[in-house]
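Colleague: Before I rely on the assignments in this model, I should like to hear the reasoning behind them. Please take me through the charged side chains, the backbone and the pocket in turn.

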Amino acid sequence: MESDGSRRLRGVADERFLEQVHHLLADIGEEVRGAPGYTAEDDEALGLFELAVAEIAANVVEHAETRNGVPVHVDFTVRAADGLFEAIFTDDAIFAPPTLDGVHMPDVEAESGRGLALAAAVLDELVHHPVEAGAGNHWELRRRR
Amino acid sequence: MNLTVQTHPEYAVVTPAGRITATVAPRLRQAVDALIDDGAVRVVLDLSETQFIDSSGLGAIIGALKAARIAGGDLRIAAVTDPVRRVLKLTNLDRVLREHETPESAFRGE
């Protein structure tokens with residue numbers, strides 16, 4: 001745990017990373033759910049925040065695998081603060097458009113393509129931009145509670 | 001995610017326990033495909049022990065639903081938890097996956 005109470009993961013953006021993100025989310029969920037004054041509204045907000053984090057983590061890993069076998073590294077931080085759940089991903093992959101403009105929920109018969117639309121729908125703030133010109137992906141996810 | 005499969009004379013029940021995420025969603029799809037291959041085309045997904053599902057999990061369910069219908073059967077969902085219900089509503093999938101109270105009632109009266 002970091003000094004501000006956040007949790008951090010750094011490593012290669014692969015399936016193992018995805019599993020570690022889920023373990024970290026489960027740990028934070030357990031901690032937050034056990035806190036005094038935790039409400040049903042908090043629980044809904046936490047569940048939807050976890051969903052958004054899972055979707056962005058999967059997006060990071062999916063795009064990392066397209067980089068000609070060169071490992072992509074990712075830095076993930078998550079924290080449950082007063083009134084806010086927040087997560088940040090920064091990777092060193094090639095910047096992966098499309099951006100969040102025009103993201104929409106696909107048809108009900110679709111077997112993929114819901115991830116970003118879901119994340120955008122459940123967050124109060126979702127930011128995606130390159131770390132520097134055309135390189136790296138920086139994601140910020142925020143959900144009020 | 002732990003996956004349990006039970007076959008009954010009229011239908012089969014697949015119960016995923018835990019989180020249905022990108023890393024485990026293919027296992028869910030494979031379990032339903034294996035049932036369909038064996039001729040068990042009426043499948044109930046018992047979601048009573050599923051507290052989390054992401055878009056990969058939803059994709060696996062939609063794929064399995066289509067496969068079951070192509071084989072002349074159907075896939076129905078039962079005992080849906082609140083967190084999963086929220087995601088089904090957000091994605092409009094509650095329109096194609098109608099909830100049933102229990103696995104036993106999913107195919108009752110067709």
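**Charges, backbone and pocket**

Modeller: A:Arg79, A:Glu86, A:Glu125, A:Glu140 and A:Arg142 are joined by salt bridges into a network. The model is a predicted one, and a search over all chains finds 21 salt bridges in the whole structure.

Colleague: What makes the pair A:Asp75 and A:Arg8 a salt bridge?

Modeller: The N to O distance between the side chains of A:Asp75 and A:Arg8 is 2.5 Å. The criterion is a side-chain nitrogen of Lys or Arg within 4 Å of a carboxyl oxygen of Asp or Glu, so the pair qualifies. This pair links distant parts of the chain, with A:Asp75 in strand E2 (residues 73–81) and A:Arg8 in strand E1 (residues 7–12) of chain A, 67 residues apart.

Colleague: Why is A:Arg8 called partly exposed?

Modeller: The relative accessible area of A:Arg8 is 35%. Partly exposed covers the range between the buried limit of 20% and the exposed limit of 50%, therefore A:Arg8 belongs there.

Colleague: How do you know that B:Glu99 and B:Arg85 form a salt bridge?

Modeller: Their closest N and O atoms are 2.7 Å apart, and the limit is 4 Å, so the pair counts as a salt bridge. The two residues sit in distant parts of the chain, B:Glu99 in strand E6 (residues 99–100) and B:Arg85 in helix H3 (residues 82–90) of chain B, 14 residues apart. B:Glu99 is partly exposed at 32% relative accessible area, and B:Arg85 is partly exposed at 26%.

Colleague: Are B:Asp74 and B:Arg76 buried or exposed?

Modeller: Both B:Asp74 and B:Arg76 are buried. They also form a salt bridge, with the closest N and O atoms 3.1 Å apart.

Colleague: Why is A:Arg143 said to have no salt bridge?

Modeller: The nearest side chain of opposite charge, that of A:Asp124, is 4.4 Å away from buried A:Arg143. A salt bridge requires the atoms to be within 4 Å, so A:Asp124 does not supply one. A polar atom of the A:Arg143 side chain does lie 2.9 Å from the backbone oxygen of A:Val122.

Colleague: Where is A:Arg143 placed, and which residues does A:Arg143 touch?

Modeller: A:Arg143 is in strand E5 (residues 135–144) of chain A. Leaving aside residues up to four places away in sequence, A:Arg143 touches several residues, among them A:Ala45, A:Leu48, A:Phe49, A:Phe85 and A:Asp124.

Colleague: What makes the phi values of B:Ala79 and B:Asn92 worth listing?

Modeller: Each is positive in a residue other than glycine: phi is near 55° for B:Ala79 and near 65° for B:Asn92. B:Ala79 lies in the loop between strand E5 (74–78) and H3 of chain B, whereas B:Asn92 is in the loop between H3 and E6 of chain B. B:Asn92 has 27% relative accessibility and so counts as partly exposed.

Colleague: Which residues lie nearest the centre of the largest pocket, and which element gives the most to its lining?

Modeller: The largest pocket holds about 700 Å³ of space. Its lining has 31 residues, with A:Glu62, A:Ser112, A:Gly113, B:Ser55 and B:Ser56 nearest the centre. H2(A) gives the most to the lining, six residues. Helices supplying at least two lining residues each include H3 (115–122) of chain A and H2 (55–70) of chain B.

How values were computed. Residues are numbered from 1 along each chain as its sequence is written. Chains are lettered from A and ligands numbered from 1 in the order in which they are written. This is a predicted model: local features need pLDDT of at least 70, side-chain atom pairs count only at pLDDT 80 or more; totals for chains, interfaces and linings use all residues. Side-chain values use heavy atoms; hydrogens and water are left out. Helices (H or I, at least four residues) and strands (E, at least two) are DSSP runs, numbered from the N terminus. Buried means under 20% relative accessible area, exposed over 50%, partly exposed in between (1.4 Å probe, protein chains only). Lys and Arg count as positive and Asp and Glu as negative; His and the chain ends are not counted. A polar contact is a pair of N or O atoms within 3.5 Å; within protein, one must be able to donate a hydrogen and the other to accept it, and residues adjacent in sequence count only if both atoms are side-chain atoms. Contact means heavy atoms within 4.5 Å. On a 1 Å grid over the protein atoms alone, a cavity is a set of points where a 1.4 Å probe fits but cannot get out, and a pocket is an open set with protein on both sides within 12 Å along at least five of seven lines; lining residues have an atom within 4 Å of a point. Grid points are joined across faces, edges and corners, and a volume is the space filled by probe spheres set on the points.
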